[in-house]
Amino acid sequence: MILPHLDAAYNLARWLTGHDQDAQDVVQEASLRAFRAFDGFYGENGRAWLLTIVRNTAYNLLQKNKSLRQTTPFDEELHGNAGASECATPLSLLRGAEDEQNLRAAVEALPDEFREALVLRHQDGLSYREIALIAGVPTGTVMSRLARARARLKDFLAKGNREEEAS
């Protein structure tokens, strides 16, 4: 029930903690908690249940050590563009890398609750209802957070493009 969702668990933990090693620790701790509490699980959605545990574990870790909020460079080998075309030109690869870097910076600049909703929806493909279960908020709040996150991303990326054109 838990094992098929470990990749999604790591992805969420990575975005919440901002550190590869911390994300691995969070997933390990959350998996242990899930295995210990499995007898009490009577739901149908193991993914949402595990991601709720991951979310809570990540926030507990962040509360214990505020210095974890400092970001480190994103690990390109783990999360890079693995499906890039072999025949891409160096210029197109550079532009793609710049776009990816700008998007990553924009997502990392979002408040935690916006980033969390955005990652769960667009990277993990969860429904609004599943995100609401994980975050412990109403579905309307999830929709609002996603709308605000998207608006901030749009503004952040538009601002970056205007600054490039000016220079």
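A crossing of two helices is right-handed if the near helix is turned clockwise from the far one by less than a right angle, and left-handed if anticlockwise. That term recurs along this tour of a predicted model.

Start by selecting helix α1, residues 6-17, together with helix α3, residues 46-64. Their axes lie 9 Å apart and meet at an angle of about 25°. Angles under 35 degrees count as roughly parallel, so α1 is roughly parallel to α3. The crossing of α1 and α3 is right-handed. To see the contact, show the side chains of L6, A8, A9, L12, A13, L16 and T17 on α1, and of R47, L50, L51, V54, R55, A58, Y59, L61 and L62 on α3. Coloured by class, this contact of α1 with α3 shows 13 nonpolar residues, one polar and two charged.

Keep α1 and add helix α2, residues 20-37. Here the packing angle is about 130°, and the axes are 8 Å apart. That angle makes α1 oblique to α2. Seen along the line of sight through both helices, α1 passes α2 in a right-handed crossing. On the α1 side, select L6, A9, Y10, A13, R14 and T17; on the α2 side, select D20, D22, A23, Q24, V26, V27 and S31. The contact of α1 with α2 divides by class into seven nonpolar, three polar and three charged residues.

Next, hide α1 and α2, return to α3, and bring in helix α6, residues 112-123. The axes of α3 and α6 are 13 Å apart, at an angle of about 150°. Angles over 145 degrees count as roughly antiparallel, and α3 and α6 are therefore roughly antiparallel to each other. This crossing, of α3 and α6, is right-handed. Which residues make the contact of α3 and α6? From α3 they are L51, R55 and Y59, and from α6 they are D112, E113, E116 and L120. Three residues of the contact of α3 with α6 are nonpolar, none is polar and four are charged.

For the last stop, select R121 and Y128. R121 lies over the face of Y128, at 4.7 Å from the ring centre. How many aromatic pairs are there, with ring centres required to lie within 6.5 Å? The count comes to zero aromatic pairs by this rule.

Conventions: Residues are numbered from 1 along each chain as its sequence is written. This is a predicted model: local features need pLDDT of at least 70, side-chain atom pairs count only at pLDDT 80 or more; totals for chains, interfaces and linings use all residues. Side-chain values use heavy atoms; hydrogens and water are left out. Rings of Phe, Tyr and Trp (its six-membered ring) pair if their centres lie within 6.5 Å; planes under 30 degrees apart count as stacked, over 60 as edge-to-face and the rest as tilted. A charge sits over a ring if NZ of Lys or CZ of Arg is within 6 Å of the ring centre and within 35 degrees of the ring normal. Axes are lines fitted to C-alpha atoms, for helices over the stretch in contact, and angles run from 0 to 180 degrees between N-to-C directions. Helices (H or I, at least four residues) and strands (E, at least two) are DSSP runs, numbered from the N terminus. Angles under 35 degrees count as roughly parallel, over 145 as roughly antiparallel, 65 to 115 as roughly perpendicular and the rest as oblique. Contact means heavy atoms within 4.5 Å. Ala, Val, Leu, Ile, Met, Phe, Trp, Tyr, Cys and Pro count as nonpolar, Asp, Glu, Lys and Arg as charged, and the others, Gly among them, as polar.
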